[in-house]
Amino acid sequence: MSTIAKLRGVDFDNMAECGAFASLEPMKIELIHGELRFMNPAGPIHDGEIDFLTRWSCDHTDKDKMVVRVQCGIQCGDHRPEPDLVWFRRQPSRRIRPSAQDVLLLIEISDSSLTPDLVEKAELYAEHGVMEYWIVDINSSRLHVHRRPDRGRYSSIEILCGPAVIKPLSQPSAELSLTELFDFDS
């Protein structure tokens, strides 16, 4: 008989602090529903989108009020996802892992993980109150915009494509052109 061990967030944090996952580097690990999830290595298009969105984010956030982090963990109850990009409220210390309530905008870049990002991650982020969640669908050149979590679901879901422009709720002066986002030649 075999048993599956389910981890709590504090267990994951302690294991990470003690270096339990050090031998697995450079592989990235998330804790979702008590399970360790290994993430696929990013390819050049995924990395290029992260680079583009990181530069755009840093150019358009209020550095006195917000922090931009790339591929770093956040705390969602007992879950420890590691989204591609997060804008969150500035914390009193850099040593604090931001919680879902601190997140102003969360972005996942999806080239091979669209279904889990649209279903499991959207439910997780909505359940924990992430106000705005974007999924960059590389394969279809679309942006899935989830806003206003309500009882474990997003009450506003929009799919944008073509020459659309999106503005984050937390920083309406920041405009992101989808034409620029999906221009892979620049």
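**Exercise 1. Find where helix H3 bends, then work out what surrounds the helix.**

Start with the kink: H3 bends by about 35° at Lys 121, the bend being the angle between axes fitted to the seven residues ending there and the seven starting there. Helices here are DSSP runs (H or I, at least four residues), strands likewise (E, at least two), numbered from the N terminus. Keep in mind that this is a predicted model, where local features need pLDDT of at least 70, side-chain atom pairs count only at pLDDT 80 or more, and totals for chains, interfaces and linings use all residues. Residue numbers run from 1 along each chain as its sequence is written, and side-chain values use heavy atoms, leaving out hydrogens and water.

Next, the length. H3 covers residues 114–127, and its 14 residues reach 19 Å from first C-alpha to last, close to the 20 Å expected at 1.5 Å a residue (1.5 Å times one less than the number of residues).

Now the packing. Lys 121 is itself buried, as are Asp 117, Ala 122, Leu 124, Tyr 125 and Ala 126 (buried: under 20% relative accessible area; exposed: over 50%; partly exposed: in between; 1.4 Å probe, protein chains only). Their cover includes strands S1 (29–32), S5 (103–110), S6 (132–137), S7 (142–150) and S8 (153–161).

Finally, look past the helix: Gly 129 follows H3 with a positive phi, near 85°.

**Exercise 2. Count the disulfides, then check Cys 58 and Cys 76.**

Searching the whole structure gives zero disulfides (cysteine sulfur pairs within 2.5 Å). For Cys 58, the nearest cysteine sulfur belongs to Cys 72, 12 Å away; Cys 58 is partly exposed at 34% relative accessibility. For Cys 76, the nearest is also that of Cys 72, at 14 Å, and Cys 76 is buried at 1%.

Note on methods: Contact = heavy atoms within 4.5 Å.
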